[in-house]
Amino acid sequence: MTRRRKAAWLLALAAVGALALTGCSNLGYYWQSARGHVNLMRAARPVPEWLGDPATPAVLKARLELTQRIRRFAVTDLSLPDNASYTAYAELHRSAAVWNVVAAPEYSLTLKTWCFPVAGCVGYRGYYDSADANAEAAAQRSTGLEAAVYPVPAYSTLGWLNWAGGDPLLSTFIGYPEGELARLIFHELAHQVLYVPDDTVFNESYATAVERIGGARWLATQAGEPARTEYAQFDARRQQFRQLMLETRRQLQRIYDSKEAAAHDWRAVDAMKKSAMDGFRERYGALRAGWPGPRQGAYDAWVARANNATFGAQAAYDELVPAFEALYEREGRDWPRFYAAVKRIAVLPKGERERALKNIPQENGKPGV
């Protein structure tokens, strides 16, 4: 039995042990999770094997070599963990690593949460089969919630499975443009430095700040001019779209906090909500029309499924990012000091964590909002 196959079976046994602790009601879900991850691990081969295989396409070899440079940079320049993660590659023959389901009430942006043995309670539920994810979304809708399914190109095992080979590189993201590829690897490795159970906003905002700062440094010091130009063009669009999402999210929150909602005048609330969503799609159409090139429709799928659940999920990745970026500046742009500061904040009770972050002065000298 090969080392990787043995590790996969050990992982399966560990997952079965976890099932015994979670109750029969979740047995089917946890089994698909264990089976899905084991299959992913079994598909992975060390990067040197791919590079030495004559059958490996030259384009893939070049991408794999790039990932190893990015990984080394993550360790040496960003002080991210140096372990087995991203030293192997798996061809999955599907469009996503997993599909996440998110759900929220009809008049709220607060996500429904699911609780897991290691990750704690999070605002999504992941499936290795898109049909299973769509079935779960339908079940959530049957209870009156708004739900959506979105593809996830990569996920982190939080360093818990580095003994089994770590998190592999995947075909679902290996073709990303250089700047996006670097950001993704930095983001997932950041989760291995720190993860706080039951606080998705803290975790994702922190990892997003690491990916943004680290990605900018990679592009400035390691990438060629074509990669920088490509990234700058797409990032400008991303910032425009995120601003549109933020403005719409705030508009929806005002509607759900309105006097009409307090009075349970749902007809009026529905009308305001529809107007906000129609305006969001109209403004997106105007933005899109000014984005020439092959990635013009990069956000079409997100806009098509936009609802309370998707806006609530996006908030987790954006809400506290400016505060974490300000913390990085406060710590002298020193990565070990930054991680140490984040860990000190992480041990605070949840409400105090958020207040501590939002009180960090940002570029304008004022606390964050």
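Where is the place of Pro 54? Select Pro 54 to begin; its place is in the loop between α3 (47-52) and α4 (58-78). The model on screen is a predicted one. Pro 54 is exposed, because its relative accessible area is 77% and exposed residues are those over 50%. Now add Phe 73 to the selection. Phe 73 and Pro 54 are 19 residues apart along the chain, and a distance drawn between their C-alpha atoms should read 28 Å.

**Second stop: a pocket**

Clear the selection and turn to the second largest pocket, whose volume is about 1,100 Å³. To find its centre, select Arg 249, Ala 315, Asp 318, Glu 319 and Leu 320, which lie nearest to it among the 39 lining residues.

Next, colour the elements that contribute to the wall. At least two lining residues come from each of these:

- β5 (120-122)
- α7 (200-221) and α8 (225-256)
- α12 (308-318) and α13 (321-330)
- α15 (350-358)

Which element gives the largest share of this pocket's lining? It is α8, with seven residues. Colouring the lining by class should give 16 nonpolar, ten polar and 13 charged residues.

**Third stop: the cavities**

Rolling a probe the size of a water molecule over the atoms shows where empty space is left. In this structure there are three cavities of 30 Å³ or more. Two of them are visited here.

For the largest cavity, select His 37, Leu 40, Tyr 86, Ala 154, Tyr 155, Asp 167, Pro 168, Leu 170 and Phe 173, the residues that line it. The space they line has a volume of about 60 Å³. How does this lining divide by class, and how many residues are charged? Seven are nonpolar, one is polar and one is charged. Asp 167 is the charged one, as Asp counts in that class, while His 37 is the polar one.

For the second largest cavity, select Val 102, Leu 111, Gly 123, Tyr 124, Tyr 150, Thr 200, Ala 313, Ala 316 and Tyr 317. These residues line a volume of about 50 Å³. The lining has seven nonpolar and two polar residues, and no charged residues. Gly 123 and Thr 200 are the two polar ones.

Finish by colouring α12 again. That helix supplies the largest share of the second largest cavity's lining, three residues, and it also supplies at least two residues to the lining of the second largest pocket.

Conventions: Residues numbered from 1 in each chain as written. Predicted model: local features only at pLDDT ≥ 70, side-chain atom pairs only at ≥ 80, totals over all residues. Heavy atoms only, no water. 1 Å grid on protein atoms, 1.4 Å probe; cavity = no way out; pocket = protein on both sides within 12 Å on 5 of 7 lines; lining within 4 Å. Points joined across faces, edges and corners; volume = space filled by probe spheres on them. Helix = DSSP H or I, 4+ residues; strand = E, 2+ residues; numbered from the N terminus. Buried < 20%, exposed > 50% of the residue type's maximum accessible area, 1.4 Å probe, protein only.
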